[in-house]
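Please walk me through this structure, beginning with how its strands are arranged and ending with a single loop residue.

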Amino acid sequence: MNSELTWPRERPSFGRVCLRPFTTADVHLVAELATDPYVPAIGSVPTEYSHAEGLAWIERQHCRAHDGSGYSFAIADSSTDLAVGAAGLWLRALTEGRATAGYSVSPLHRGRGYAADALAALTSFAWTLDDLHRVELYIEPWNAGSIRTAERAGYVREGLLRSHQEIGGMRRDMLLYARLRRSPHASG
C-alpha cells in the first residue's frame, strides 16, 4: 500500500480498553515491553531501551498509517487512558482482502484481559475497512496465553505452518488463526 490511512473518528473500544494513537507520554510502555525478551524478538521494540529509542519507536508507529502499511495502536485502559500494550493491523495483503493482526501487553499488565479486549476492538475496527474480509494471527505453538486471547476474541485455529517465520535467528512454526467478516455473500 502506498496511500496514507485515515485514523478512525472514534477510538475503537471493547471491554476495558480503547485503541488510540501513541503519544510521547507512552514511552514508559516501550521501556516495559523491552523488559520481555520475546517482544523485541518479534517486533521493533528496542532490545536496549533508552528514552531516545523509546521516542523513535513511537515515531515509527505513527509512520505505519502515513505509509499505508497499517495501523499501530496503543492499547489504553479506558478508565485511565494509560497505555498498557500495543496492537497492530497490518494491511500489506489488503488488495487480496486480508490483514494480519498483532498484540502485546506490557508484562506489568498481563493477566487482566487487556489483550483479548484489544483484539476484539481491533477486529471490530478491521471490519470498518470495506475491502477487508479476513484477519489472520500467527502464534507460536508454545504461546498458550496468546492462543487463549485469540480464541476469546473469536478467532479459529486453521492449522500449523511449519518453519513459517524467522524469530531470533531461528525458523519457527506458527499456528494460523483467523476471523472472517460475516457477510450474506460469503461462501462456506
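Two strands are said to pair if DSSP finds at least two bridges between them. By that rule, in this predicted model, β4 and β5 pair: they run antiparallel and are joined by 6 bridges. Within this pair, Trp90 has Thr100 in β5 as its bridge partner.

The pair belongs to an open sheet of 8 strands with mixed pairing, ordered β1-β2-β3-β4-β5-β6-β8-β7. At its edges lie β1 (13–14) and β7 (156–167), each of which pairs on one side only. Helix α4 (residues 114–126) packs on this sheet and touches β1, β2 (17–20), β3 (70–77), β4 (83–90), β5 (98–105), β6 and β8. The direction of α4 makes about 155 degrees with that of β5.

On its other side, β4 pairs with β3 in the antiparallel sense, over 7 bridges. Ala74 has Ala86 in β4 as its bridge partner. The hairpin of β3 and β4 has 5 residues between the strands, and Asp81 takes a positive phi near 65 degrees there. How much of β4 is buried? The count is 8 of its 8 residues, so β4 is largely enclosed by the rest of the structure. The cut-off behind that statement is a relative accessible area under 20% for a buried residue.

Further along the order come β6, β8 and β7. Strand β6 (residues 134–139) pairs with strand β8 (residues 170–180) in the antiparallel sense, over 6 bridges. Two positions show the register: Glu136 stands opposite Ala178 in β8, and Tyr138 stands opposite Leu176 in β8. Strand β8 is also joined to β7, again antiparallel, by 8 bridges. Here Arg157 stands opposite Tyr177 in β8. The hairpin of β7 and β8 has 2 residues between the strands, and Gly168 takes a positive phi near 60 degrees in it.

Next, the pocket. The largest pocket has a volume of about 1400 Å³. It is lined by 50 residues, and those closest to its centre are Ile42, Gly102, Tyr103, Ser104 and Ser146. Two or more lining residues come from each of α2 (38–42), α3 (51–67), β4, β5, α4, β6, α5 (144–152) and β7. Which element gives the most to this lining? Strand β5 does, with 8 residues. By class, the lining has 23 nonpolar, 17 polar and 10 charged residues.

Helix α1 (residues 27–34) can be judged in the way that β4 was. Of its 8 residues, 6 are buried, so α1 is largely enclosed by the rest of the structure. The buried residues are Val27, Leu29, Val30, Glu32, Leu33 and Ala34.

Two of these α1 residues, Glu32 and Leu33, lead to the last stop, Pro107. This proline lies in the loop between β5 and α4. Leaving aside neighbours within four places in sequence, Pro107 is in contact with Glu32, Leu33, Thr35 and Asp36. Is Pro107 buried, exposed or partly exposed? At 33% relative accessibility, Pro107 counts as partly exposed, because the partly exposed class lies between under 20% for buried and over 50% for exposed. A further distance relates this loop residue to β4: Pro107 and Gly85 are 22 residues apart in sequence and 9.1 Å apart in space, C-alpha to C-alpha.

Conventions:
Residues numbered from 1 in each chain as written. Predicted model: local features only at pLDDT ≥ 70, side-chain atom pairs only at ≥ 80, totals over all residues. Heavy atoms only, no water. Helix = DSSP H or I, 4+ residues; strand = E, 2+ residues; numbered from the N terminus. Contact = heavy atoms within 4.5 Å. Axes fitted to C-alpha atoms, helices over the stretch in contact; angles between N-to-C directions. 1 Å grid on protein atoms, 1.4 Å probe; cavity = no way out; pocket = protein on both sides within 12 Å on 5 of 7 lines; lining within 4 Å. Points joined across faces, edges and corners; volume = space filled by probe spheres on them. Nonpolar A, V, L, I, M, F, W, Y, C, P; charged D, E, K, R; others polar. Buried < 20%, exposed > 50% of the residue type's maximum accessible area, 1.4 Å probe, protein only.
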